[in-house]
Amino acid sequence: MTHRLAAAFLAAFTVSIVQAAPAECTARSGASTAALVELYTSEGCDSCPRADRWLSGVPAAGFGTTRVVPLALHVDYWDYIGWKDPFAKPLFAARQRELAAIGRNRVVYTPQVVLAGRDFRGWPARSQFAEAVAAINATPARATIELAIAERRIRAEASVPRREDHEDTALFVAVYENGLANRVTAGENRGATLNHDFVVREWWGPLALDTAGNASLARPVGAQPLANGGVAAFVQSRRTGEVLQALALPACKG
């Protein structure tokens with residue numbers, strides 16, 4: 001590969017991350033589509049810790065945020081068997097059911113990986129995951145996203161230029177936290193200490209596009225999730241489940 005071709009290839013996956021001031025950092029999505037990964041999981045599910053470890057290891061496996069935007073959404077429907085997952089929200093179970101309905105899947109389950117809006121059962125095989133991510137990354141993005149973190153406030157802006165992509169398309173924004181650990185004292189994982197990354201702590205959306213194809217959000221957030229995590233956003237068709245673009249911004253240090 002020539003130096004010119006190599007530079008062009010790298011540019012396709014470039015996301016601009018700028019620390020504008022000690023208290024602010026920003027990111028803008030690139031020309032290629034980043035792969036949104038949603039892991040539906042629960043501390044009450046004995047087959048979920050393996051998937052939690054897998055999601056934590058995604059960046060180290062060579063899938064940085066320019067290629068993959070990982071999120072862990074803890075569902076609450078396992079809480080009845082004796083252990084209440086402290087990270088679970090009914091909202092996440094509702095989103096999982098909505099995606100299942102869009103994809104015409106009859107059941108929801110954990111652990112479930114949803115890749116770019118679609119059920120993806122090949123996640124344990126690294127080669128299969130890599131191939132699927134590469135195909136998504138090779139797709140030109142149909143939306144642009146900008147994110148900013150300034151002190152304890154986040155800002156997200158999205159633009160969808162093609163009018164034919166506007167129908168039923170929305171912006172979603174999440175604050176995620178890394179390095180969480182919890183000792184489980186009941187249920188299927190009783191006695192285990194479980195570790196989690198990319199855990200969604202705040203969620204906003206769907207935020208509808210305006211007539212020009214734009215959507216935005218500005219909100220204050222708690223300091224703790226941002227200290228150990230960041231913010232992610234994605235633009236998705238609520239009719240087909242297709243993700244037009246995704247972006248993550250880890251909180252800048254310093």
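The second largest pocket is lined by 13 residues, and Thr-33, Ile-136, Thr-139, Glu-242 and Val-243 lie nearest its centre. Two or more lining residues come from each of helix H4 (126-137) and strand S15 (243-250). Its space amounts to about 160 Å³. By class, the lining holds 8 nonpolar, 2 polar and 3 charged residues. Nonpolar covers Ala, Val, Leu, Ile, Met, Phe, Trp, Tyr, Cys and Pro, charged covers Asp, Glu, Lys and Arg, and the others, Gly among them, are polar.

A pocket is an open set of points on a 1 Å grid over the protein atoms alone, where a 1.4 Å probe fits and protein lies on both sides within 12 Å along at least five of seven lines; lining residues have an atom within 4 Å of a point. The volume is the space filled by probe spheres set on the points, which are joined across faces, edges and corners.

The model is predicted: local features need pLDDT of at least 70, side-chain atom pairs count only at pLDDT 80 or more, and totals for chains, interfaces and linings use all residues. Residues are numbered from 1 along each chain as its sequence is written, and side-chain values use heavy atoms, with hydrogens and water left out.

Strand S9 (residues 169-177) has 9 of its 9 residues buried. Buried means under 20% relative accessible area, exposed over 50%, and partly exposed in between (1.4 Å probe, protein chains only). Thr-169, Leu-171, Val-173, Val-175 and Glu-177 point one way from S9, Ala-170, Phe-172, Ala-174 and Tyr-176 point the other way, and all are buried. Strands are DSSP runs of E with at least two residues, helices are runs of H or I with at least four, and both are numbered from the N terminus.

The pairings below are antiparallel; two strands pair if DSSP finds at least two bridges between them.

| Strands | Bridges | Opposed residues |
|---|---|---|
| S9 and S14 (residues 229-237) | 9 bridges | Ala-174 and Ala-232 |
| S9 and S12 (residues 199-208) | 7 bridges | Val-175 and Glu-202 |
| S10 (residues 180-183) and S11 | 4 bridges | Leu-180 and His-196 |

Side chains alternate along strand S11 (residues 193-196): Leu-194 and His-196 point to one face and are buried, whereas Thr-193 and Asn-195 point to the other and are not.

The whole structure contains 0 disulfides, a disulfide being a pair of cysteine sulfur atoms within 2.5 Å. Cys-45 is buried at a relative accessible area of 1%, and Cys-48 is buried at 0%.
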